[in-house]
Amino acid sequence: MGPTAVHDEVFSGVRLAIERLADEGQALEAVAAALAREGEVDDARLEELCPYFGVIWPSARALAEAVADLGRAGLARRRVLELGCGLAAPSLVAGLLGADVLATDYHPDVPALLARNAARNGAPGVRYQALDLRRDDVPGGFDLVLAADVAYVPDLPPRVVRAIDLALAPGGRALISDPGRPCLQALVDLAAARGLRCALEVRTVADPPRTRDVFVLTLTRG
Ligand SMILES: C[S@@+](CC[C@H](N)C(=O)[O-])C[C@H]1O[C@@H](n2cnc3c(N)ncnc32)[C@H](O)[C@@H]1O
């Protein structure tokens with residue numbers, strides 16, 4: 001996975017210590033070099049093993065803040081699913097505020113890092129399941145589905161929207177954050193085509209050394 005470092009982060013008053021990759025550029029070069037040594041220079045394989053999971057993206061900050069704003073009253077004992085969780089900051093916030101959380105991703109390095117971050121922050125209610133949005137079945141019955149910056153290549157929006165549709169319990173909602181990638185409109189259109197109503201807010205979050213506007217969509221059944 002490469003060297004990691006632990007940083008303190010605060011999301012709307014919820015403090016977390018998050019272990020993440022110390023240098024994602026170096027981690028990406030290491031993955032590319034390892035695949036080249038094995039004779040695998042396939043772009044798809046490189047994308048699968050890309051260390052995007054190990055970064056706190058602005059979308060994760062915005063979503064973690066939106067989740068923190070729901071408070072214990074909005075999260076305690078709720079069933080929460082996060083798709084493409086990476087470092088899973090929104091899941092960790094939800095877990096600290098009493099939710100029963102299932103965080104999912106497809107990258108093989110995510111579960112070990114998540115287990116350490118859950119233990120480090122005293123959030124034992126955050127469990128992990130490997131879930132590849134392109135291949136796997138999605139469990140159902142969730143009150144809240146979370147996805148931060150997951151629809152970043154064109155084949156992912158339909159998979160993310162389908163996963164949300166399958167995962168939501170009646171009356172549930174999804175919160176999706178996105179920095180304004182080209183696929184965002186497709187995701188909104190696909191959600192509407194499945195009868196999901198979409199409300200939009202913009203959150204300004206830290207993206208050191210500056211700030212960044214991130215879209216946060218709330219999807220509910222129309
Ligand atoms: C840009 S990163 C965002 C990570 C995290 N949600 C955040 O905002 O910090 C995209 C995430 O989606 C995950 N991902 C990409 N394709 C996926 C797929 N087919 N199934 C599940 N997760 C996927 C990656 O492993 C990565 O963790």
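This short report walks through two domains, a pair of helices and a pair of strands in a predicted model.

Let's start with the big split. The chain is divided into domain 1, residues 4-53, and domain 2, residues 55-221. Their C-alpha centres lie 19 Å apart. Where they meet, 14 residues of domain 1 are in contact with 22 residues of domain 2. On the domain 1 side, β1 (4-11) and β2 (14-21) are the elements that give two or more residues, and β2 gives the most, with seven residues. Sort the residues on that side by class and you get eight nonpolar, two polar and four charged.

Now for the helices. The axes of α3 (residues 58-75) and α4 (residues 89-96) come within 8 Å and cross at roughly 15°. Angles under 35 degrees count as roughly parallel, so α3 is roughly parallel to α4. The crossing is right-handed. On α3, the contact is made by A60, L63, A64, V67, A68 and L75, while α4 brings A89, P90, V93 and A94.

Here's how the residues of the two contacts sort by class:

| Contact | Nonpolar | Polar | Charged |
|---|---|---|---|
| α3 with α4 | ten residues | no residues | no residues |
| Domain 1 side touching domain 2 | eight residues | two residues | four residues |

Finally, the strands. How do β8 and β9 run relative to each other, parallel or antiparallel? Strands β8 (residues 196-207) and β9 (residues 210-221) run antiparallel, and twelve bridges join them. One of the pairings puts R203 opposite its bridge partner V214 in β9. A hairpin of two residues links β8 to β9.

Note on methods:
Residues are numbered from 1 along each chain as its sequence is written. This is a predicted model: local features need pLDDT of at least 70, side-chain atom pairs count only at pLDDT 80 or more; totals for chains, interfaces and linings use all residues. Axes are lines fitted to C-alpha atoms, for helices over the stretch in contact, and angles run from 0 to 180 degrees between N-to-C directions. Helices (H or I, at least four residues) and strands (E, at least two) are DSSP runs, numbered from the N terminus. Angles under 35 degrees count as roughly parallel, over 145 as roughly antiparallel, 65 to 115 as roughly perpendicular and the rest as oblique. A crossing is left-handed if the near helix is turned anticlockwise from the far one by less than a right angle, and right-handed if clockwise. Two residues are in contact if their C-beta atoms, placed from the backbone, lie within 7 Å. Ala, Val, Leu, Ile, Met, Phe, Trp, Tyr, Cys and Pro count as nonpolar, Asp, Glu, Lys and Arg as charged, and the others, Gly among them, as polar. Two strands pair if DSSP finds at least two bridges between them. Domain bounds come from an automatic or database domain assignment.
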